[in-house]
Amino acid sequence: MEQQLREQFDGLLEKYTELLLGDSDEDKKEKVKMWALYTYIAKSMPALVKHWNERYPEGKEGIKEIISEIKQLNEQHRQNSGK
């Protein structure tokens, strides 16, 4: 993959994370990336996610924690920004 595209996409992810959570660091960007991809896969191929959840219950719990954290951070950001 072209390096320029990677850098541009990283900029998109960084801005999305900032708008969603109020700020952006590498840990938050990685969590947002996992959350977005997991959510997309769950909607487009629910049987695959069901299979993965059954095979990796600890992974499922980890994703649930990430989803909860992102939701909480987003709510805090929305309250702080007056939206």
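Buried, as the word is used here, means under 20% relative accessible area, while exposed means over 50% and partly exposed covers the values in between. The exercises below concern a predicted model.

**Exercise 1. Decide whether Asn53 is buried or exposed, and find which residues it touches.**

Step 1. Place the residue: Asn53 belongs to helix α3, which covers residues 46–55.
Step 2. Apply the cut-off: the relative accessibility of Asn53 is 15%, and the residue therefore counts as buried.
Step 3. List the contacts: once residues up to four places away in sequence are set aside, Asn53 touches Tyr38 and Lys60.
Step 4. Look at the polar atoms: the side chains of Asn53 and Tyr38 are joined by a polar contact of 3.1 Å.

**Exercise 2. Classify the aromatic pairs of the structure and state which residues they link into a cluster.**

Step 1. Choose the descriptors: a pair of aromatic rings is described by the distance of the centres and the angle of the planes.
Step 2. Count the pairs: the structure holds two of them.
Step 3. Take Tyr38 and Trp52, whose ring centres lie 6.1 Å apart and whose planes stand at 65 degrees; because planes over 60 degrees apart count as edge-to-face, this pair is edge-to-face.
Step 4. Locate the partners: Tyr38 sits in helix α2 and Trp52 in helix α3, 14 residues apart, and the pair thus links distant parts of the chain.
Step 5. Take Trp52 and Tyr56, which form a tilted pair with 6.0 Å from centre to centre and 45 degrees between the planes.
Step 6. Join the results: ring pairs link Tyr38, Trp52 and Tyr56 into a cluster.
Step 7. Assign the accessibility classes: Tyr38, at 17% relative accessibility, counts as buried, whereas Trp52, at 31%, counts as partly exposed, and Tyr56, at 34%, also counts as partly exposed.

**Exercise 3. Determine which residues make up the largest nonpolar core and which elements give two or more residues to it.**

Step 1. Name the members: the largest nonpolar core has seven residues in all, namely Leu13, Leu20, Leu21, Val32, Ile66, Ile70 and Leu73.
Step 2. Assign them to elements: those that contribute two or more residues to this core are α1 (3–21) and α4 (57–80).
Step 3. Examine one member in detail: with residues up to four places away in sequence not counted, Ile70 touches Leu20, Leu21, Lys31, Val32 and Trp35.

**Exercise 4. Describe helix α4: what span does it reach, which of its residues are buried, and against which helices do they pack?**

Step 1. Compare the span with expectation: α4 has 24 residues and reaches 35 Å from its first C-alpha to its last, close to the 34 Å expected at 1.5 Å a residue.
Step 2. Collect the buried residues of α4, which are Gly59, Ile63, Ile66, Ile70, Leu73, Asn74 and His77.
Step 3. Find their partners: the buried residues of α4 pack against α1, α2 (26–44) and α3.
Step 4. Follow one of these residues, His77, which is located in helix α4: leaving aside its neighbours within four places in sequence, His77 is in contact with Glu18, Leu19, Leu20, Leu21 and Gly22.
Step 5. Add the polar contact: the side chain of His77 reaches the backbone oxygen of Leu19 at 3.4 Å.
Step 6. Look past the helix: α4 is followed by Gly82, whose phi is positive, near 75 degrees.

**Exercise 5. Summarise the whole chain, and then assess Glu30: which helix holds it, and how is its accessibility classed?**

Step 1. Count the elements: the chain contains four helices and zero strands, and from the N terminus on the order is α-α-α-α.
Step 2. Give the dimensions: taken along the principal axes, the C-alpha atoms fill a box of roughly 40 × 40 × 20 Å.
Step 3. Account for burial and surface: of the 83 residues in the chain, 22% are buried, and the chain exposes about 6,500 Å², of which carbon and sulfur atoms supply 55%.
Step 4. Consider contacts along the sequence: among those between residues at least 6 apart, 44% join residues at least 24 apart.
Step 5. Turn to Glu30, which lies in helix α2 and, at 38% relative accessibility, counts as partly exposed.
Step 6. Relate Glu30 to Glu7: these residues are 23 residues apart along the chain, and their C-alpha atoms are separated by 15 Å.

Technical notes. Residues numbered from 1 in each chain as written. Predicted model: local features only at pLDDT ≥ 70, side-chain atom pairs only at ≥ 80, totals over all residues. Heavy atoms only, no water. Core = buried A, V, L, I, M, F, W, Y, C linked by side-chain atoms within 4.5 Å. Buried < 20%, exposed > 50% of the residue type's maximum accessible area, 1.4 Å probe, protein only. Contact = heavy atoms within 4.5 Å. Polar contact = N/O pair within 3.5 Å; in protein donor to acceptor, adjacent residues only side chain to side chain. Expected span 1.5 Å × (residues − 1). Phe/Tyr/Trp six-rings, centres within 6.5 Å; stacked < 30°, edge-to-face > 60°. Areas by Shrake-Rupley, 256 points an atom, 1.4 Å probe, with all protein chains shown as cover.
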